[in-house]
Amino acid sequence: MDTIKKSLRHTPAMRWLMLLLISGLTFGTYWFQDFFGGLKTIMENDMGFTSEEFGRLIGLTTIANMFGMIIVGGIILDKWGVRMAGIVFGGIATLGASITALASAGFFGEDHSTMLNMMILGRILFGSGLEVVCVVATRTAVKWFKGYELALAMALNMGLGRLGSAMGIALAPDIANGSVPSAVTFAATLIGIALIMFLIYSVFDIKLDRQEKVEGAEEDGEDFKFSDLVKLITNKSFLFIALLCVAFYSAVFPFIQYAPDILINKFEFSILLPENGNIELFGSTSLGNASVFVALYIFAIAFAAIPKQIKNINTRRVYMAVIALLFAGFLASIWDVMGIWLQNGSKTAALIPLGTIIFTPIFGSYVDSKGKAASLMILGALLLIFAHVSMSLFNYDWLAYLGLISLGIAFSLVPAAMWPSVAKIVAENRLGTAYASMFTIQNWGLGLFFWGIGAMVDWFNPKIVAAKQAIADQLHAFNLKDNTITTIRNGLQDIGLASGQEREVIQEMRFDEISTQLAANNSPEKVDEVMNYLSSLGEIPAYDYTYPILALVGLGVISIYLAFQLKKADAKQRYGLELPSGQTPDDE
Ligand SMILES: NCCCC[C@H](NC(=O)[C@@H](N)CCCCN)C(=O)O
């Protein structure tokens with residue numbers, strides 16, 4: 001007993017320091033997973049990517065997981081423990097991210113297909129580490145926080161992942177500043193730093209194992225077992241929830257990757273922030289803009305996760321009032337800038353993962369105390385359909401905002417109801433197998449839709465794709481720095497005479513207006529800037545995203561069907577998904 005009392009994890013400061021050290025990997029990998037979403041337009045303009053190639057790059061990230069990497073990772077995790085698994089899989093993710101960064105900078109060759117293929121290779125390696133690293137972080141939190149603030153620790157860790165996604169999407173265009181490799185290198189560096197943090201964590205982990213005399217891996221009853229898999233897939237409720245996980249997440253994660261591009265193309269949101277849309281901190285706008293997200297994260301955690309720790313009701317009320325006041329003051333101080341951000345594609349799209357930091361714990365508490373998990377999954381699927389219909393079939397800004405808010409709520413509601421339900425359906429000693437198999441099939445759906453949406457964008461917009469490429473190629477052929485506006489104008493007119501699918505679009509361009517505008521904008525020197533001006537002038541028509549988003553509506557419909565089937569199966573199998581946490585149908 002004495003030894004346990006003295007071990008590191010019983011000191012609060014040590015536990016929280018460990019959480020910080022391990023959450024670096026969650027933050028960094030979620031950032032690297034999602035940041036390309038903020039760069040799609042720049043990748044098209046600067047690197048000649050098509051939407052299908054963009055989708056292929058993101059989609060193939062899931063390939064190793066589709067074919068069992070999560071299961072292999074789980075087995076390794078059980079055999080070697082969190083320390084070795086974190087180092088090995090964190091190392092693989094870092095190596096993959098570094099290869100992607102080097103490839104984007106032309107290190108392996110500057111021709112388009114070499115760059116694309118090597119970037120894909122890097123992303124495949126990164127993806128091989130991604131999911132296992134997230135499981136490692138969860139297991140490590142359990143190791144240090146069991147018997148203490150485990151729920152808060154998990155919420156903070158998951159929240160940091162979402163913050164990584166949000167910041168990656170929102171800040172990538174600022175960091176890139178017209179050049180993709182800068183943003184990729186930055187994102188890869190973040191994972192490198194996270195790996196170093198994990199190595200520092202490992203020193204403490206060894207010490208804890210010695211203090212608590214853990215031999216090899218910890219026994220937490222969550223190992224992957226093939227024999228359990230057979231039992232699981234014959235359970236109807238498990239099957240429905242696993243398929244719901246695929247359908248729901250496939251309608252959300254891929255949408256988030258394309259959301260900045262959808263807002264830019266369909267709702268004419270800005271690609272880059274105007275000067276007065278930046279916040280400065282210590283003379284840096286990147287730091288200033290980043291600090292807004294960190295502040296929003298702190299407020300979200302302060303509102304949603306910390307109050308549960310305050311037992312005295314009056315203290316809690318005072319605490320909430322102080323936080324609300326501080327938040328109102330914070331909002332007032334950035335009000336004008338927020339107005340501009342809500343007109344910018346990547347900054348607005350980033351609010352979807354950010355919103356979940358506050359809403360997931362709130363819905364989680366509701367499910368714990370009131371139950372109704374299966375009904376809430378039905379509601380989440382309905383909100384998902386509303387979100388995608390409002391953004392595909394209609395063209396109103398206000399409806400798009402409403403759609404984004406609905407998506408944010410659905411993205412908080414369904415996970416808050418789904419993951420605790422898995423723990424009700426599946427016995428504790430099969431949870432490892434259940435999560436690993438759910439994540440594996442989830443990756444099939446994600447891969448298909450990450451890639452499929454991009455392919456559909458190209459398929460439904462052949463003229464625009466060809467025109468954009470012809471114009472970008474022509475601009476690349478000039479050395480913009482050494483050319484005058486007149487040369488650019490003449491060059492563009494030359495392609496106007498070209499034949500092919502792009503002809504129709506280019507021949508309609510108003511070259512005199514373009515020249516005047518470009519000159520008025522200080523004769524931009526980067527292809528990306530010229531392309532952005534052309535788009536903002538309406539010279540390059542926007543992609544039609546109607547059908548790609550409608551495909552996601554289909555996933556919403558499938559989700560509703562599955563959620564109803566789950567509710568029906570639960571009524572028969574009596575897992576008590578509609579009951580509060582800790583209650584079973586037999587208690588009634
Ligand atoms: N206890 C399970 C929590 C799962 C959270 C869930 N994560 C996933 O679904 C991962 N398979 C995806 C990781 C992808 C990283 N962008 C979530 O809602 O994020």
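This briefing walks through the ligand site, one aspartate and three helix pairs of the structure above. The model is a predicted one. Ten named residues surround the ligand, from Y30 through to Q442, and the protein buries 87% of the 510 Å² that the ligand exposes when taken alone. Away from the ligand, D174 has polar side-chain contacts to N289 and to K347.

**The ligand and its shell**

- If you would like to find the site on screen, select Y30, Q33, E131, M158, R162, Y249, F253, W419, F439 and Q442, the residues around the ligand.
- By residue class, this shell holds six nonpolar, two polar and two charged residues.
- Four helices each bring at least two residues to the shell: helix 2 (12-34), helix 8 (150-176), helix 11 (236-267) and helix 18 (431-460).

**Polar atoms beside the ligand**

- The side chain of E131 places an N or O atom 2.7 Å from a nitrogen atom of the ligand.
- Y249 has a polar side-chain atom 2.7 Å from a ligand oxygen atom.
- For Y30, the distance from an N or O atom of the side chain to an oxygen atom of the ligand is 3.1 Å.
- As for cover, the ligand taken alone exposes 510 Å², and 87% of that is buried by the protein.

**D174 and its partners**

- D174 is found in helix 8, a helix that also supplies at least two residues of the ligand shell.
- One polar contact joins the side chain of D174 to the side chain of N289, at 3.0 Å.
- Another polar contact, at 3.2 Å, links the D174 side chain with that of K347.

**Helix 11 with helix 24**

- Helix 11, one of the helices that contribute to the ligand shell, packs against helix 24 (residues 546-573) at an angle of about 155 degrees, and the two axes are 8 Å apart.
- Because angles over 145 degrees count as roughly antiparallel, helix 11 is roughly antiparallel to helix 24.
- The crossing of helix 11 and helix 24 is left-handed.
- The contact between helix 11 and helix 24 is made up of 17 nonpolar, six polar and three charged residues.

**Helix 12 with helix 13**

- Helix 12 (residues 285-304) and helix 13 (residues 313-341) meet at an angle of about 150 degrees, with 11 Å between their axes.
- Helix 12 and helix 13 are therefore roughly antiparallel to each other.
- Their crossing is left-handed.

**Helix 3 with helix 4**

- Helix 3 (residues 40-47) packs against helix 4 (residues 51-59) at an angle of about 120 degrees, and their axes lie 10 Å apart.
- That angle makes helix 3 oblique to helix 4.
- Helix 3 and helix 4 cross in a right-handed sense.

Definitions and conventions: Residues are numbered from 1 along each chain as its sequence is written. This is a predicted model: local features need pLDDT of at least 70, side-chain atom pairs count only at pLDDT 80 or more; totals for chains, interfaces and linings use all residues. Side-chain values use heavy atoms; hydrogens and water are left out. A residue is near a molecule or strand if one of its heavy atoms lies within 4 Å of it. A polar contact is a pair of N or O atoms within 3.5 Å; within protein, one must be able to donate a hydrogen and the other to accept it, and residues adjacent in sequence count only if both atoms are side-chain atoms. Accessible areas come from the Shrake-Rupley method with a 1.4 Å probe; for residues, only the protein chains shown count as cover. Ala, Val, Leu, Ile, Met, Phe, Trp, Tyr, Cys and Pro count as nonpolar, Asp, Glu, Lys and Arg as charged, and the others, Gly among them, as polar. Axes are lines fitted to C-alpha atoms, for helices over the stretch in contact, and angles run from 0 to 180 degrees between N-to-C directions. Angles under 35 degrees count as roughly parallel, over 145 as roughly antiparallel, 65 to 115 as roughly perpendicular and the rest as oblique. A crossing is left-handed if the near helix is turned anticlockwise from the far one by less than a right angle, and right-handed if clockwise.
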